[in-house]
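Colleague: I'm new to reading structures. Could you walk me through one if I keep asking questions?

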Amino acid sequence: MKRKAESAMKTAASRAGGAVRPRARRARLIVRRLPEETLVYDLDTSRAHCLGPVAAAVWRHCDGRSSAERIATVVRKETGAEVGEAAVMVAVDRLSEAKLLSAPLPPAGRSRREWLKQAAMITGLTVVSITAPLSVEAATCVANCATRPNTPAGNCGAIPCCPPATGRCCRQGSGQNCGCRTSGSCTA
Amino acid sequence: MNTCMANLGKLDWQAGMGFTAHGVRVGVRATDASVMGEIEARLPTGWKPRANPLVDHLASLVVGDRERKGNVRKLHVVYSGAIRAFRSTQLEEALNFLEHHLEEFVAQEAPDRIFVHAGVVAWKGRAIVIPGSSHSGKTSLVTALLAAGATYYSDEFAVLDERGRVHPYLRPLRIRDTDDLGRRVTAAEMGARSGRGSLPVGLVASTRYEPGARWRPRRLSHGESTLELLSHTVPARFRPRQVMRVLDAAARPAFGLKGRRGEAAEVAGSLLEAME
């Protein structure tokens, strides 16, 4: 019974993975290969990503022609990790979410969850992402936001408010007064 | 020169000066010469006077009325270039804003340095870098590390060169007790030494104070440590290529730890032990 289920799962994964021939995005990215990981900075979204060794290897081999199975074979040889088709599909899914593929993946339905289960023991599949801060976000905070004048840009400086206040110092409504906004951007 | 700048130029500027800090040329002027001493005391760390009037940025302080005169009171106004950036009835607030504005401008524009918001101390020839935004507890942790014998480098910026080495940014520590602006205390007043030369990074400690939290950090990889630094890098969006190169170089010889912490004194010892 168990073997039957495993076999069905593999077939489903194979069917879905075989149809996918992901192509890595190359334009407007800054890529730095570290000894084990790969750092990618996306100039379009101002997001930075740290790809684990397996995810990075999968990304490098997404050429738009190779199937998940083919990529798994190459990555297995390259990294020495027990990478199967499921692990490749998990990596591809994460790369797609990080907008590091040239086209988004077609919806995969249930099989994506199955891949996650199958690849649970594989390390190096991580894709950690952050948004690079605006200089004002990296900056120190503003106390007494309400006493600030609005700026010509109309966003009161958009500097984070100092605790105990939270959020960012933004214009309140359509007036000229500033206040700490806890959600959304100052322009929203 | 645009119209706004030209109109601003018509004001009666009583005093001004130029300075260079970390390769950035800045001019400051005021409508009241008596405030220049206070402005000078607030210039970015490492500034040097500049005779050449050509600057990259001009900040101006229009000094208003220090006391109310009848029903009208002229505000103190800070201009960033031609843009009105801040106004207040309190001169002290305007001066503090000007200080912050000049510091952030230099941090963003310094051509050969990458400024990361972080506390920095040295221990046995390597730097402990504590990236974090304001009120994350950087200064408390730096203070605790100094009390444990570390050498002071900065409580505000890790200033990194092209090789990823940290340079001292020796402004007085800003210790917040009840006043949000904080009182300023030098490392010497705390009985600590201040660093002089550049150092390689030994530890990136990403931590945030939470009352009652226990320090159980997880180890960060080289890439994750780089991202932690990037999250607090001032020119991250302006010069991403240079930023990535420098942060990679900074994190390469280091290891990273991340976690919530309780009292700073309890964590300081663990951090120094981790550097052994």
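Modeller: Sure, here are some questions and answers about this predicted model.

Colleague: Let's begin with the whole of chain B. What radius of gyration does chain B have, and what would a compact globule have?

Modeller: Start from the chain length, which is 276 residues. A compact globule with that many residues would come out near 19 Å, and chain B agrees with this because its radius of gyration is 20 Å. As for its extent, the C-alpha trace spans about 60 × 40 × 30 Å along the principal axes. So the pair you asked for is 20 Å for chain B and near 19 Å for the globule.

Colleague: How much of chain B counts as buried?

Modeller: A residue is buried if its relative accessible area is under 20%. The accessible surface of chain B comes to about 12300 Å², and carbon and sulfur atoms hold 49% of that. Of the 276 residues, the share that counts as buried is 57%.

Colleague: Chain B has a six-stranded open sheet. Which strands stand at its edges?

Modeller: Read the order across the sheet of chain B: β3-β1-β2-β4-β5-β6, with mixed pairing. An edge strand has a single partner, so one of its sides is left without a neighbour in the sheet. Neighbouring strands here are turned by 25 degrees against each other on average, ignoring direction. The edge strands of chain B are β3 (48–50) and β6 (83–88).

Colleague: In which sense does the edge strand β3(B) pair with β1 of chain B?

Modeller: Strand β1 of chain B covers residues 15–21, and three bridges link it to β3(B). One contact point to look up is Thr20(B), whose bridge partner in β3(B) is Lys48(B). The sense of this pairing is antiparallel.

Colleague: Now to β4(B). Which of its pairings is parallel?

Modeller: Strand β4 of chain B (residues 57–62) is mostly covered, with five of its six residues buried. On one pairing, four bridges connect β4(B) to β5 (residues 76–80) of chain B, running antiparallel, and Leu61(B) has Val78(B) as its bridge partner there. On the other, five bridges run to a strand that puts Val28(B) opposite Ala59(B). That parallel partner is β2 (residues 24–30) of chain B.

Colleague: Why do the buried residues of α7(B) line one face of the helix?

Modeller: It helps to know that an α-helix has 3.6 residues a turn, so residues three or four places apart point the same way. In α7 (residues 264–274) of chain B, the buried ones are Ala264(B), Val267(B), Ala268(B), Leu271(B) and Leu272(B). The face turned away from them carries the exposed Glu266(B) and Glu273(B). Seen down the axis, the buried residues of α7(B) line one face because they fall within an arc of 135 degrees.

Colleague: And what do those buried residues of α7(B) pack against?

Modeller: Both kinds of element show up here: one helix, α4 (138–147), and several strands of chain B. The full set is β7 (114–123), β8 (126–131), α4 (138–147), β14 (201–209) and β16 (255–261) of chain B.

Colleague: Over to chain A. Which helix of chain B packs on the sheet there?

Modeller: The sheet of chain A is open, with four strands in the order β1-β2-β3-β4 and antiparallel pairing. Its β2 (residues 38–42) and β3 (residues 47–51) are joined by five bridges. The helix from chain B touches β2, β3 and β4 of chain A, and its direction makes about 165 degrees with that of β3(A). It is α5 (residues 222–230) of chain B.

Colleague: Which helix of chain A lies across that sheet, and at what angle to β3(A)?

Modeller: The helix lies across β1, β2, β3 and β4 of chain A. It is α2 (residues 53–60) of chain A, at about 105 degrees to β3(A).

Colleague: Last one: is Ser46(A) buried or exposed?

Modeller: Ser46(A) sits in the loop between β2 and β3 of chain A. Its phi is positive, about 60 degrees, although it is not a glycine. Most residues other than glycine have a negative phi. With a relative accessible area of 12%, Ser46(A) is buried.

Notes
Residues numbered from 1 in each chain as written. Chains lettered and ligands numbered in written order. Predicted model: local features only at pLDDT ≥ 70, side-chain atom pairs only at ≥ 80, totals over all residues. Heavy atoms only, no water. Pairing = 2+ DSSP bridges. Helix = DSSP H or I, 4+ residues; strand = E, 2+ residues; numbered from the N terminus. Axes fitted to C-alpha atoms, helices over the stretch in contact; angles between N-to-C directions. Rg over C-alpha atoms; globule rule 2.2 N^0.38 Å. Buried < 20%, exposed > 50% of the residue type's maximum accessible area, 1.4 Å probe, protein only. Areas by Shrake-Rupley, 256 points an atom, 1.4 Å probe, with all protein chains shown as cover. Arc of directions from axis to C-beta. Contact = heavy atoms within 4.5 Å.
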